[in-house]
Amino acid sequence: MNAATVRHILDTMEAMFPDAHCELNHSNAFELTVAVLLSAQCTDETVNKVTADLFQKYKSPADYLEVPLEELEQDIRRIGLYRNKAKHIQNMCRILIEQYGGDVPQEHDQLVTLPGVGRKTANVVVSNAFGVPAIAVDTHVERVSKRLGLAGWDDTVLEVEKKLMKRVPRDEWTLTHHRLIFFGRYHCKAQNPQCHICPLLDICREGKKRMKTSQIRKDKERVTTRKPKLNS
Ligand code: SF4
């Protein structure tokens, strides 16, 4: 894919979603880290419902360690995998207190060593909380990148991230991450992508394939519904 096409994709997404942003509610790096940890295999909407109360009750890493694990589990029970996530949160809080003075470390290499914090979470935290450009690849970013040909169909999540970092100017990584998520969440959805009204259809391999398939289906339906008139 050439640079002009990449530019066209980025500009189109910016025009469609000029206000794209992190949809996980948080007011500091620590809350963001907890929210992203909770968001694995769960919608941002559900996480926000849970953190609305959670962040009132727990303000610091020490607060999470003052309650028994079972109490924290109950506080986040509406979230999938809540038992594991509760354990990760308490273990993470223990390390933050013991090794980082109760703060979330700013280095990516340090973040990924925390329990429950993977590469994607670390990218979200460094970019949104500390202003370091990064592209976190979640399910939306991966799907949209592959459909548009910004990455290969068989690329791993890490390969998708590397290709995006190569193709997108560094100072646009963080915003591009948000725009790809909005584009995937509200337009190029997993099940029903809006190809028929998509401004990127002319350059999208997946969209062209889908439009062709739906045209063939329509043609077939037209043929089968056109029944011959029988002479009596
Ligand atoms: S044409 Fe369809 S598959 Fe391609 S980016 Fe647009 S909505 Fe997604």
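This passage describes the nonpolar cores of a predicted model and the packing of two of its helices. Residues are numbered from 1 along each chain as its sequence is written, and side-chain values use heavy atoms, with hydrogens and water left out. Local features need pLDDT of at least 70 and side-chain atom pairs count only at pLDDT 80 or more, whereas totals for chains, interfaces and linings use all residues.

The largest nonpolar core (a set of buried Ala, Val, Leu, Ile, Met, Phe, Trp, Tyr and Cys residues joined through side-chain atoms within 4.5 Å, where buried means under 20% relative accessible area with a 1.4 Å probe and protein chains only) holds 37 residues, of which Val 34, Leu 54, Tyr 64 and Leu 72 touch the most other members. Two or more residues each come from helix 2 (29–38), helix 3 (44–57), helix 6 (82–100) and helix 8 (119–130), these helices being DSSP runs of H or I with at least four residues, numbered from the N terminus. Helix 2 gives the most to this core, namely eight residues.

Leaving aside residues up to four places away in sequence, Leu 72 is in contact (heavy atoms within 4.5 Å) with Leu 54, Tyr 58, Tyr 64, Val 67, Ala 86, Ile 89 and Gln 90. A second, separate core comprises 25 residues, including Ile 9, Val 160, Val 168 and Leu 180.

Helix 2 and helix 6 pack with their axes (lines fitted to C-alpha atoms over the stretch in contact) 10 Å apart and at an angle of about 150°, on a scale from 0 to 180 degrees between N-to-C directions. The two helices, helix 2 and helix 6, are therefore roughly antiparallel (an angle over 145 degrees) to each other. In this contact, Phe 30, Thr 33, Val 34, Leu 37 and Leu 38 of helix 2 meet Lys 85, His 88, Ile 89, Met 92, Cys 93 and Leu 96 of helix 6.

Methods. Buried means under 20% relative accessible area, exposed over 50%, partly exposed in between (1.4 Å probe, protein chains only). Angles under 35 degrees count as roughly parallel, over 145 as roughly antiparallel, 65 to 115 as roughly perpendicular and the rest as oblique.
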